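Here are my comments on the model you sent, set out as numbered points. Please read them with the sequence and the structure open beside you.

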Amino acid sequence: MDYKQLNDEYYNVLRSGEVPILSCKNCGYSFTNLRTTCPKCSSDKLNVRGAKEGVVYSYTIIERGLPFTAVLLLVDINGVRVKANYLGDPKKLRIGLKVRSKYVKQELIESIVFEPAE
């Protein structure tokens, strides 16, 4: 798959509100950062799929140095770990919480955030 086609598929999945997950057709390794080759076997035979839900694997709450409270998550989606911001009550956040992805666009930045699925 050429870069333009891979890039288009990646951002189509992202804009649908799902987390883009790239999978290597050669070795089966899955990852989330957009790149043209597999980080494990260097194959360029990749495909893109989307996933909407996962569980909180870890998180951190930053309350110092910012005018707001920032909550960063590490979410497990079927064995693939995704870093993203959290939109929800930090007091209800816990390891193992089911979360759902949501697409956000702020000026030129497009990203995924997570909110509670329950």
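1. Aspartate 76, in this predicted model, touches Gly54, Val55, Tyr57 and Arg81 when residues up to four places away in sequence are not counted. The residue lies in strand E5, and it is classed as buried because its relative accessible area is 18%, which is under the 20% cut-off for that class. Its side chain makes a polar contact of 3.0 Å with the side chain of arginine 81, and a polar atom of the aspartate 76 side chain also lies 3.1 Å from the backbone nitrogen of glycine 79.

2. Glutamate 110 belongs to strand E8, which covers residues 109–116, and at 23% relative accessibility it counts as partly exposed. Two polar contacts of its side chain deserve a look: one joins it to the side chain of arginine 15 at 2.7 Å, and another joins it to the side chain of tyrosine 103 at 2.5 Å. Leaving aside neighbours within four places in sequence, glutamate 110 is in contact with Tyr11, Leu14, Arg15, Tyr103, Val104 and Lys105. Tyrosine 11 is 99 residues away from glutamate 110 along the chain, yet their C-alpha atoms are separated by 9.0 Å.

3. Serine 101 sits in strand E7, residues 98–106, and with a relative accessibility of 1% it counts as buried. Where does its side chain reach a backbone oxygen? The partner is glycine 17, whose backbone oxygen is reached at 2.5 Å. Not counting residues up to four places away in sequence, serine 101 touches Gly17, Glu18 and Val19, then Ala51 and Lys52, and finally Ile112, Val113 and Phe114.

4. On the cysteines, how many disulfides does the structure hold? The number is 0, and the pair to examine is cysteine 24 and cysteine 41, each of which has the other as its closest cysteine sulfur. The two sulfurs are 3.6 Å apart, which is too far for a bond, because a disulfide is assigned to cysteine sulfur atoms within 2.5 Å. The two residues also fall into separate accessibility classes, since cysteine 24 is buried with a relative accessible area of 4%, whereas cysteine 41 counts as partly exposed at 30%.

5. At the surface, Ile62, Leu66, Phe68 and Leu72 make a nonpolar patch of about 330 Å². One of these residues, leucine 66, is found in the loop between strand E4 (53–62) and strand E5 (70–77), and at 37% relative accessibility it counts as partly exposed.

6. As for the protein as a whole, its secondary structure comes to 1 helix and 8 strands, and from the N terminus on the elements run α-β-β-β-β-β-β-β-β. The C-alpha trace spans about 45 × 30 × 25 Å along its principal axes. Of the contacts between residues at least 6 apart in sequence, 46% join residues at least 24 apart.

7. Finally, on burial and surface, what share of the 118 residues is buried? Buried residues make up 34% of them, serine 101 being one residue that counts as buried. The accessible surface of the protein comes to about 7,500 Å², and carbon and sulfur atoms account for 47% of that area.

How values were computed: Residues numbered from 1 in each chain as written. Predicted model: local features only at pLDDT ≥ 70, side-chain atom pairs only at ≥ 80, totals over all residues. Heavy atoms only, no water. Helix = DSSP H or I, 4+ residues; strand = E, 2+ residues; numbered from the N terminus. Buried < 20%, exposed > 50% of the residue type's maximum accessible area, 1.4 Å probe, protein only. Polar contact = N/O pair within 3.5 Å; in protein donor to acceptor, adjacent residues only side chain to side chain. Contact = heavy atoms within 4.5 Å. Patch = residues over 30% accessible without salt bridge, like charges linked within 9 Å, V, L, I, M, F, W, Y side chains within 5 Å. Areas by Shrake-Rupley, 256 points an atom, 1.4 Å probe, with all protein chains shown as cover. Salt bridge = Lys/Arg side-chain N within 4 Å of Asp/Glu carboxyl O.
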